[in-house]
Structures are given as structure tokens and as C-alpha cells.
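Visitor: I am new to this structure and should be grateful for a close look at a single part of it. Please describe that part with the terms explained.

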Amino acid sequence: MAPLPGAELVQRPLQLYRYLLRCCRQLPTKGIQEHYKHAVRQSFRVHSDEDNPERIQQIIKRAIEDADWIMNKYKKQN
């Protein structure tokens, strides 16, 4: 299950970036939100030169799975 509706529509890196930043807004505290926003931005920069379409899809799939895990982690704590 995806953390937010629309995860299945994410096909391009910019869509993923926006999606992950929207996920960050759902986290409980400002500090946690800023931490994960920073991580999303750093990851985007690290992978910005990726040009292999298969690898890009792998990264997108993994990022959505990770976001799901993080969202579930903080939902269980509350």
C-alpha cells in the first residue's frame, strides 16, 4: 500500500520528488518533516545524473516503498 494516493501514477523523477515532499508534509512534527525533506533533496541530487530508464524505475519503486515504510513507522508511534 502506498503512503499517499497517486503513487501508482509516479513515472518520472520530478513526479517522484513532488510526491515524496507531499509525503513529508504528512509526518507528525516539523523536525521530522525537515529531516526527511533534506533526505529527499539529497537523494534527488545524488541520482540526478541517472539516465538508464530501468534504473530510474527501480529507484522510483524503492523510494515509494521506503516512503510507505516511514509513513507506517510514524503512524504506529502515534
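Guide: What follows is an account of helix α1 and its two neighbours, helix α2 and helix α3.

This is a predicted model, in which local features need pLDDT of at least 70 and side-chain atom pairs count only at pLDDT 80 or more, while totals for chains, interfaces and linings use all residues. Residues are numbered from 1 along each chain as its sequence is written, and side-chain values use heavy atoms, with hydrogens and water left out.

Helix α1 spans residues 13-25 and helix α2 residues 30-46; helices here are DSSP runs of H or I with at least four residues, strands are runs of E with at least two, and both are numbered from the N terminus. The UniProt annotation "domain: Complex 1 LYR protein", from an unreviewed entry, covers residues 11-68; such annotations may be inferred rather than shown by experiment. Over residues 11-68 the chain is 79% helix and 0% strand.

The axes of α1 and α2 lie 9 Å apart, at an angle of about 170°. Axes are lines fitted to C-alpha atoms, for helices over the stretch in contact, and angles run from 0 to 180 degrees between N-to-C directions. The two helices are therefore roughly antiparallel, a term for angles over 145 degrees, whereas those under 35 count as roughly parallel. In contact (heavy atoms within 4.5 Å), residues of α1 including Y17, L21 and C24 meet residues of α2, among them Y36, K37 and V40. By class, this contact has nine nonpolar, one polar and three charged residues; Ala, Val, Leu, Ile, Met, Phe, Trp, Tyr, Cys and Pro count as nonpolar, Asp, Glu, Lys and Arg as charged, and the others, Gly among them, as polar.

K37 belongs to helix α2. Its relative accessible area is 17%, so K37 is buried (under 20%; exposed is over 50% and partly exposed in between, with a 1.4 Å probe and protein chains only). Leaving aside neighbours within four places in sequence, K37 is in contact with L21 and C24.

Helix α3, residues 53-77, has 25 residues. The axes of α1 and α3 come within 11 Å and cross at roughly 5°, which means that α1 is roughly parallel to α3. Here P13, L16, Y19, L20 and C23 of α1 meet I56, I60, A63, I64, A67 and M71 of α3. This contact has 11 nonpolar, no polar and no charged residues. The buried residues of α3 include I56, I60, A63 and I64, and their cover includes both α1 and α2.

Notes:
Parallel < 35°, antiparallel > 145°, perpendicular 65-115°, else oblique. Expected span 1.5 Å × (residues − 1).
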